[in-house]
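These are my notebook entries on one structure, written down in the order in which I looked things up. Each entry takes up one question and records what I found.

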Amino acid sequence: MKRLLLLGVLAAGCSVQPKYEKPAAEVPEAWKETAPRFAEDGRWWRIYQDPELDKTIDEALASNGDLLIAAARVDESRALLSEARSFFWPRIDAVGSVSRQRNSERTAFSPPGIPNEFTTYRAALAVSYEADLFGRLRSNADAARAELEASEASREAVRLALAAQVARSYFSLRSLDEQVELTRRTVALREDALGLQRKRLQGGVISEFELRQLEAEAALVRAQLPPLEALREREEVALTVLLGRSPKQVFEGKVIVRQAYDEMPGPPAVPSGLPSELLLRRPDLVEAERLLVAANARVGVARAEMFPSIVLTGALGSESSSLSDLFSGPSLIWSIAAGIAQPIFQGGRLRARTEAAEARERAVLAQYHQAIRAAFGEVRAALILQVRARETYDAESARAAAQTHALRLARLRYQNGVASQLDVIDAERGLLEAQRARIAALHAHRAAVADLFRALGG
């Protein structure tokens, strides 16, 4: 028995798990465009310098349902790892039993003087231990550890995506607020101007045809307000759901956003030339690589099932026909045994399991390379979109400035009798469209920055 135990200990270093090597990935040496600065503490949204946004994202990170689900899955993976590690230790059970039986009087095993009917009491400690000869238990634990790390990376990916989505929704709400306020101011100006034109009609200065045209223009602007308000309400509801608020708060609550107008986007803060290997630390890529490690370990588990397994068992306890004598010296019983099982024929089931595990590993490897390609594609698109969004904002700002100057000139021409009120209305319409486009361009730039940080992994 000692020799058998020694053999088990010496063979514990054997393993049929394939050696894992992290796949090489051909990546560009540096980014082709300028990227925003990285946040060392992961709170990249502070680049916007918006305290209300900070509070909103903090609320989402504390209560969002998807993030809570991801955290629960991490706890589940941690528990599964503990379970996998528990098989490294012997199993000890306390066993107790009582039985009553009668033996036949017509058999050779019924010696005289021994009662044929008796009761047996037994209490013992049973121990069993599986010698991990070919690394099946170690491979299973390695797979569980890698899956835990993958679930942790998945939680970080959810956290990153959530922060970016909240930032996009928050700035969409701010953009709609600004558009609603702009439209309301325009409606008020049109109503004031319309009241003046009604007095001019009474004085015979303008015709009814001109007044009706001005009323149509004012109604046109008023008609643009309800859709904007509806969009704002819908965006606010979507944001409250993201924040993980209660159904009552979703139905009745409000989201506080910063009320600031005519802001400008900040300049890029990181020079080009940032090493692209940093992208491989993106949470979803870490998750894909850890799943590949787990799949590799599962191949080792499947292979080990085709090799012998050794189980050591033992028991120590007492057995007596009388309960009062159960723990007396003569009632002592013990046993120790070793068992070995080598699969011989199972209809190809074990080979099929191994082939299936190897196929899953190849599939996970392909998914890992696909995730890398997708990640670099997202970064390239996000970098370009950030630059183009800034260019669009600059162009729309120039357009709004030109329309402001054109409106001033149109009013001067109208006051001097050179142009009509409709010319002023046309200039006001152009300015309103330019200002809305500028607001939309600012929102697009802020959203592009959020997408870029998400693509870069925060």
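**Entry 1: Ser420.** I began with the accessibility of Ser420 in this predicted model, and Ser420 turned out to be partly exposed, with a relative accessible area of 30%. I then looked up where Ser420 sits, and I found the residue in the loop between helix 8 (349–415) and helix 9. For a position distant in sequence I took Ile206, which is 214 residues apart from Ser420 along the chain, and I noted a C-alpha separation of 10.0 Å between the two.

**Entry 2: helix 9.** Since the loop of Ser420 leads to helix 9, I went on to that element. I noted 35 residues and a reach of 50 Å from the first C-alpha of helix 9 to the last, which is close to the 51 Å expected at 1.5 Å a residue. Is helix 9 mostly covered or mostly open? I counted 25 of its 35 residues as buried, and I therefore entered helix 9 as mostly covered, burial being set at under 20% relative accessible area. Just after this helix I came to Gly457, which takes a positive phi of about 80°.

**Entry 3: the whole chain.** I stepped back to list the elements, and I recorded nine helices and four strands in the protein chain. Read from the N terminus on, they follow the order α-α-α-β-β-α-α-α-α-β-β-α-α. Of the 458 residues of the protein chain, I have 37% down as buried. I also looked at contacts with a separation of 6 or more, and residues 24 or more positions apart account for 83% of these in the protein chain.

**Entry 4: the nonpolar cores.** Which residues touch the most other members of the largest nonpolar core? I found that this core has 25 residues and that Trp44, Trp45, Tyr48, Leu53 and Ile57 are the ones with the most such partners. When I asked which helices contribute, I saw that helix 2 (51–63), helix 4 (136–202), helix 5 (208–242) and helix 9 (421–455) each supply at least two residues. The largest share, nine residues, comes from helix 4.

I followed Leu53 further and, leaving aside its neighbours within four places in sequence, I found Leu53 in contact with Trp45, Tyr48, Ala167, Tyr170 and Phe171. There is also a second, separate core, which has 14 residues and includes Leu279, Ile372, Val379 and Leu452.

**Entry 5: aromatic pairs.** I searched the whole structure for aromatic pairs and came away with five. One that I looked at closely is formed by Tyr170 and Phe171, an edge-to-face arrangement with 5.4 Å centre to centre and 85° between the planes. I checked the burial of both partners, and Tyr170 is buried at a relative accessible area of 0%, while Phe171 is buried at 3%. Elsewhere I noted that Trp44, Trp45 and Phe453 form one aromatic cluster.

**Entry 6: the sheet.** I turned to the strands and found that four of them form an open sheet in the order 1-2-3-4, with antiparallel pairing. Strand 1 (91–102) and strand 4 (332–341) stand at the edges and have a single partner strand each, so one side of each is left without a neighbour in the sheet. The twist that I noted averages 20° from one strand to the next.

I then listed the bridges, and I found 12 joining strand 1 to strand 2 (residues 117–131), the two running antiparallel. Arg100 stands opposite Thr119 in strand 2. At the other edge, strand 3 (residues 309–320) and strand 4 pair in the antiparallel sense over 10 bridges, and there I placed Val311 opposite Gly339 in strand 4.

**Entry 7: strand 1 and Ser97.** How many of the 12 residues of strand 1 are buried? My count came to zero, so I entered strand 1 as lying largely in the open. Ser97 is found in this strand, and at 41% relative accessibility Ser97 counts as partly exposed, because that class runs between 20% and 50%. Not counting residues up to four places away in sequence, I found Ser97 touching Thr120, Tyr121 and Arg122. The C-alpha atoms of Ser97 and Arg122 are separated by 5.2 Å, although the two residues are 25 residues apart along the chain.

Terms used:
Residues numbered from 1 in each chain as written. Predicted model: local features only at pLDDT ≥ 70, side-chain atom pairs only at ≥ 80, totals over all residues. Heavy atoms only, no water. Core = buried A, V, L, I, M, F, W, Y, C linked by side-chain atoms within 4.5 Å. Buried < 20%, exposed > 50% of the residue type's maximum accessible area, 1.4 Å probe, protein only. Contact = heavy atoms within 4.5 Å. Expected span 1.5 Å × (residues − 1). Pairing = 2+ DSSP bridges. Axes fitted to C-alpha atoms, helices over the stretch in contact; angles between N-to-C directions. Phe/Tyr/Trp six-rings, centres within 6.5 Å; stacked < 30°, edge-to-face > 60°.
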